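Colleague: I'm new to this one. Could you take me through the labels people put on its parts, and what earns each label?

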Amino acid sequence: MENIIIAGSTGYLGSHLAQELQIQGVPFKAIARNDKKLLKSGLKIDQIIKAEVTDASTLSGKLKGADVIISTVGITRQKDGLSYMDVDFQANMNLLLEAKKSGIKKFIYISVVNGQNMRHLKIMEAKEKFVDELKKSGLNYLIVRPNGFFSDMTDFLEMAKNGKVYLFGRGDYKLNPIHGIDLAKGILDSIDTEQKEILIGGPDLLTQNEIAEIALKACDKPIKITHLPDWIRVLIIKMLRIFTSSKTYGPIEFFLTMGAQDNITPRTGIHRLQNFLRQEADRIKKK
């Protein structure tokens, strides 16, 4: 496997990629503006590239010597006054332009399942705009479209611990969420693929009702699921768009939209959602 650079290395997926590369003994470097978290996770100082991806000047000359860059750069909840266009689009453009200057052979970008069909959402508008630029960059590329992360499923637990889970519609939309470890392995296994775009998800294809039941059982609660009319979900999105900024409504409209469609991807991995939510529920109880 080639020399790799990870961008977004302190986030959920980025940290799992760094962990897996360490286990596999693959040479890699990680970009971070603050090296403390990476040093705590076992990286050596010479494996860390100190840079701010939203500032192209800090990246200058720092990607040389690598063959592949994997970018998980993106924001779910806006902070530091930065917009989705600032991070999900422009920061990745900064990486792409520097990668081309540095002779990097392949750019792997992590987007979202069905993202190309959700350009009307603020977060996906930025992500898919970058996908468009990557495709016409002339650089070899791979776009990875994962299903929801296990960490996103803790929203079900937050409701379940109070004894009831609320769902919009009938709760029969399906998804197969994936653990960060399984996703990291899947991405690394796909580095040499000739494919330009791949879908990837976890081993269990579940309805929202089934995930709600798993969450309630993990919290040792009786099965209580309330189904709200879907028009309420639509109204919430419309009202948020009128009365709040994208900083507030962006992540909410994303999650509410993702929950109103099937998100089915090829199944992979060994980690089961049932075990993950039970472990998370036990951890919450110990707090």
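Colleague: Why do you say the charged end of K129 sits over the ring of F89?

Modeller: The rule wants NZ of Lys or CZ of Arg within 6 Å of the ring centre and within 35 degrees of the ring normal. The charged end of K129 is 4.5 Å from the centre of the F89 ring, so the distance part fits the rule. K196 does likewise over the ring of Y141, at 5.0 Å from its centre. Bear in mind this is a predicted model: local features need pLDDT of at least 70, side-chain atom pairs count only at pLDDT 80 or more, and totals for chains, interfaces and linings use all residues. Residues are numbered from 1 along each chain as its sequence is written, and side-chain values use heavy atoms, leaving out hydrogens and water.

Colleague: What makes Y109 and F130 an aromatic pair, and of which kind?

Modeller: Rings of Phe, Tyr and Trp (its six-membered ring) pair if their centres lie within 6.5 Å; planes under 30 degrees apart are stacked, over 60 edge-to-face, the rest tilted. Here the centres are 4.8 Å apart and the planes 70 degrees, which makes the pair edge-to-face. Y109 is in strand 5 and F130 in helix 4, so the pair ties together parts 21 residues apart in sequence. (Helices are DSSP runs of H or I, at least four residues; strands are runs of E, at least two, all numbered from the N terminus.)

Colleague: How do you know whether Y109 is buried or exposed?

Modeller: Buried is under 20% relative accessible area, exposed over 50%, partly exposed in between (1.4 Å probe, protein chains only). Y109 has 0%, so it's buried, and F130, also at 0%, counts as buried.

Colleague: And what kind of pair do F150 and F276 make?

Modeller: A tilted one, because their centres are 5.3 Å apart and their planes at 45 degrees. F150 is in the loop between strand 6 and helix 5, F276 is in helix 10, and they are 126 residues apart.

Colleague: Why is Q19 called what it's called for exposure?

Modeller: Q19, in helix 1, has 38% relative accessibility, so it counts as partly exposed.

Colleague: What stands out about E98?

Modeller: E98 is in helix 3, and it's buried yet has no salt bridge. A salt bridge needs a side-chain nitrogen of Lys or Arg within 4 Å of a carboxyl oxygen of Asp or Glu. Lys and Arg count as positive, Asp and Glu as negative; His and the chain ends aren't counted. The nearest side chain of opposite charge to E98, K101, is 4.2 Å away, so it misses that cut-off.

Colleague: Which residues touch the most other members of the largest nonpolar core?

Modeller: I31, I69, L95, F107, F130, L134 and F254, out of 38 residues. A core here is a set of buried Ala, Val, Leu, Ile, Met, Phe, Trp, Tyr and Cys joined through side-chain atoms within 4.5 Å. Helix 3 gives the most to this core, with eight residues.

Colleague: What makes helix 6 mostly covered?

Modeller: Seven of its 10 residues are buried, including L183, I187 and L188. Those buried residues pack against strand 1, helix 1, strand 4, strand 5, strand 6 and strand 9, where contact means heavy atoms within 4.5 Å.
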